[in-house]
Amino acid sequence: MEKQEFVRKIRLADKTCTIIDIMAMEEKGMANISRLPFSIRILVENLLRKMGEGIVTEKDVINMAGWQKTYETPVEIPWHPARVLMQDFTGVPAVVDLAAMRDAVDKLGGNPERINPLIPVDLIIDHSVQVDCFGTSDALKKNVEKEYERNLERYTFLKWAQKSFNNFKVTPPNSGICHQVNLEYLGQVIRTETDPVSGNKIAFPDSLVGTDSHTTMINGLGIMGWGVGGIEAEAVMLGQPYFMSIPQVIGVKMTGSLKPGVTATDMVLTITEMLRKYNVVEKFVEFFGSGMKTLNLPDRATIANMSPEYGATMGFFPVDEKTVEYLEMTGRADRAELVKAYTQINGMFYDGKDDPEYTQVIDFDLESVEPCIAGPAKPKDRIVLQEAGKKFDLFMESRRTQNTDKELSDNADGKKLYPVNIDGKQAEIGDGSVVIAAITSCTNTSNPFTLVDAGLLAKNAIKKGLCVMPHVKTSLAPGSKVVADYLEKAGLMPFFETLGFNLAAFGCTTCIGNSGPLNPQIEQCIEDNDLTVTSVLSGNRNFEARIHQSIKGNYLASPMLVIAFAIAGRIDIDMTTQPLGHDSSGQPVYLDDIRPSSEEIAEVVSTCLKPEFFQKNYETIFEGDEFWQNLSVEKHTTYKWDEKSTYIKNPPYFKGFTLDLTSPDDIEDASALAVLDDSVTTDHISPAGGIPESYPAGSYLSGKGITPANYNSYGSRRGNHEVMMRGTFGNIRIKNRLAAPKEGSFTVKYPEKEEMFIYDAAMKYKQEGIDLVVLAGKEYGTGSSRDWAAKGTDLLGIRAVIAGSYERIHKSNLVGMGVLPLEFLPGESWESLGIEGSERFSIIGIGNIEPRKKLTVKAVATDGKTIEFKVIARLNTDIDVEYFTNGGILPCVLRKLLS
């Protein structure tokens, strides 16, 4: 089989292009392409296009084109994404690693400029702005000023990277959220490039990996992409393929249409709950059917965005007429024409006539969706709107059974209110009070229908004389400046502002934990009375301690419901039967009284959303504001590290690095640093929010002369390994069984049986030459694709994690750092085996490791009793084994480059 057999010249729009014709495989009788899921067809094209270039073989192409619904053993393929997308929280440590690799190459006598992205990389600075100021006309300006003040070192470093690396673009702060910018501008669906050898114009499907788990949002546009760890992304940047197992593809057949008054947020929360039950982890999900055809592109992007929340690698929507319409609406008419022509010619356009084959088909009736929210701590915990109050009462009841605090016991009904003074206004808060209401995050601010819905509700609420309760911190942080344009055009922005939802940022704020401080009076009242206050946000994540460390109940909701709950001031309300407030004459006002109709929303969107808004915004997006333009940075091949910096430090990953490879040994007499239950998230392992003064990271910063007011956040300091390793397992809500019932970053050090911070114990074990392990339950590492959850694990001296199951990205990150992910056999757990955590652990069989090998673990208790059990090495593929035996991806790539 020769690639040239499938090369075809065609006329696409006004261009003559060369394409790889996958349908020719069907014509030649080599494969039945028409039966394949659309996402698999994209992989077939990718492999066929890359065949013969040194990595992809004919066998890889045949395996992919002959896709099977299930595989007894994993079949690995090398996928070559077209580009990489980063946000700054994960992008900074990735660029730090590249800079460190240049130093390593330089010390070994090589050319450091060989460390350079070989495919396009876009880094969008969107995760660092915090809501310090809100509810005023100058909130946006003040928050951006504060952002630059806090992050000057980081931004200077990123501007150096922009100047010093090829194929590397930085979108400056105050421009939008990376996923929304990707959807509205960067995503091309079909890319065109000039072949450097033949000079021909080549057309092929756009694809990417991103260092944020919500990279999947682009799947709504028919583009293949998902979140990976920063270390995996670095390997892809440096020309390595992304090795993956051929996936199962779960088809979700959509029928019907959404009922009036039901939002895209309601729909995605319902889908998240449903698909979590079906266990789609490490699988593709592909949507199809007549119901899909009723969904506009923003609604599809809303569903695709939350793929990590329902556990799938992707939530993919094939290209159809709605894709083409969206490209036209967002100012990409030329691209729209090209996309339609290419996909129709190459079997990638879904017309709804013939459905592909899938591993399994799940039926989903859109008419079954009801208004809902999700919380108090997991996106999959959907609550039908009328049961919000009842579910909160159950949440409080569960807290009381776990907490013997006298105040909780005395306040048995949970309804006691406490007075607070908010800037001269008297208010009362208690359990269930909403103290943060944020319209934020890419999930919903990319959807003009949900934002217009919220704006019209605000307008109607003001007409009824309603206002937001004074104890609620409000903010509007869209993912794109286009949002402000069309809300202004629609005349809705004044109504947002009247209710306190002034523009606070163009970036990812509350959803990533950058909600900013609460009013000191509220903070003190919460602490003094151990209140369970709540937040409501239009985001995709609500894990414990993520939104704000003082808030124990966090709820996801549509932008419209965010405003409604802000008006009500409480989460424990049934909005279907109880009033949000009262009008000027004292009459009750209900949600249905102010909710706009679907027809009204659609009319405003069609009238006010203009392609020129997108064209105007994105033609200057790389220029940045005055703050960015005033950053003076020089170009250097290697980075000049500042020893005094508390933001950017040269990491120790290449300390003692040599080209010689030594196979890893068995683990002997390791201690358990943490024993954890199910559903430990990457937020628990690597927090992104505030840094507590009393914790090791806070102590480190104070020792450097940094005051608590200037700690910034864990996320903003990801370029400093000293902060991040001290913050690993540093969530104030993490529950380590070794320190139970105490919550937080604590463990018990053996054999002394001394309680101390996890970081301090790890350093003591390291001084004693003792390796460490972590024991965990199912769904270990769910949530954000944080490479620091794996990097910190490695730097603490943890050689292996033994868990019930893993979330895909975190498992890959562990492998990428040379940490061995092990899985209990089905039906077994550390608890069922009688393990307490005080034992010493030996793991036998690592020396000749192979994919999914069964290893033996011996846990020896202090009294000499031995518990022996088997575990499965979650090195799923040969490339996983190669990365692990090299001590991680980066040493592996560096050895390949220098050999």
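**Entry 1: the barrel**

I went to the barrel first, keeping in mind that this is a predicted model. Seven strands close it, and reading around I get the order 26-29-30-31-34-33-32. The pairing in this barrel is mixed. I also looked up the twist, which averages 35° from one strand to the next.

**Entry 2: one pair within the barrel**

Next I picked out strands 33 and 34. Strand 33 covers residues 854-860, and strand 34 covers residues 866-873. In which sense do these two pair, and over how many bridges? I find them antiparallel, with seven bridges between them. To pin down the register I took lysine 854 and searched for its bridge partner in strand 34, which turns out to be isoleucine 872.

**Entry 3: the open sheet**

Then I moved to a sheet that stays open. Five strands make it up, in the order 6-5-4-9-10, and here the pairing is parallel. Which strands sit at the edges? I have strand 6 (168-171) and strand 10 (224-227) down as the edge strands, since each of them pairs on one side only. For this sheet, the average turn between neighbouring strands is 20°, with direction ignored.

**Entry 4: strands 4 and 9, and a helix across them**

I zoomed in on strand 4 (residues 83-87) and strand 9 (residues 207-210). They pair in the parallel sense, over three bridges. For arginine 83, I traced the bridge partner in strand 9 to leucine 208.

What lies across this part of the sheet? I found helix 6, residues 178-186, lying across strand 4, strand 9 and also strand 5 (121-124). Against strand 4, helix 6 runs at about 140°.

**Entry 5: the whole chain**

Last, I stepped back for the overall numbers. I count 33 helices and 34 strands in the protein chain. Its radius of gyration is 27 Å, and the globule rule gives 29 Å for 899 residues, so I can call the chain as compact as a globular protein of that length. Along the principal axes, the C-alpha atoms fill a box of roughly 80 × 75 × 55 Å.

How much of the chain is buried? I noted 64% of the 899 residues as buried, taking under 20% relative accessible area as the cut-off. The exposed area of the protein chain comes to about 31700 Å², and carbon and sulfur atoms supply 46% of that.

I checked contacts too. Of those with a separation of 6 or more, 76% are between residues 24 or more positions apart.

Key. Residues are numbered from 1 along each chain as its sequence is written. This is a predicted model: local features need pLDDT of at least 70, side-chain atom pairs count only at pLDDT 80 or more; totals for chains, interfaces and linings use all residues. Side-chain values use heavy atoms; hydrogens and water are left out. Two strands pair if DSSP finds at least two bridges between them. Helices (H or I, at least four residues) and strands (E, at least two) are DSSP runs, numbered from the N terminus. Axes are lines fitted to C-alpha atoms, for helices over the stretch in contact, and angles run from 0 to 180 degrees between N-to-C directions. Contact means heavy atoms within 4.5 Å. The radius of gyration is taken over C-alpha atoms; the globule rule is 2.2 Å times the number of residues to the power 0.38. Buried means under 20% relative accessible area, exposed over 50%, partly exposed in between (1.4 Å probe, protein chains only). Accessible areas come from the Shrake-Rupley method with a 1.4 Å probe; for residues, only the protein chains shown count as cover.
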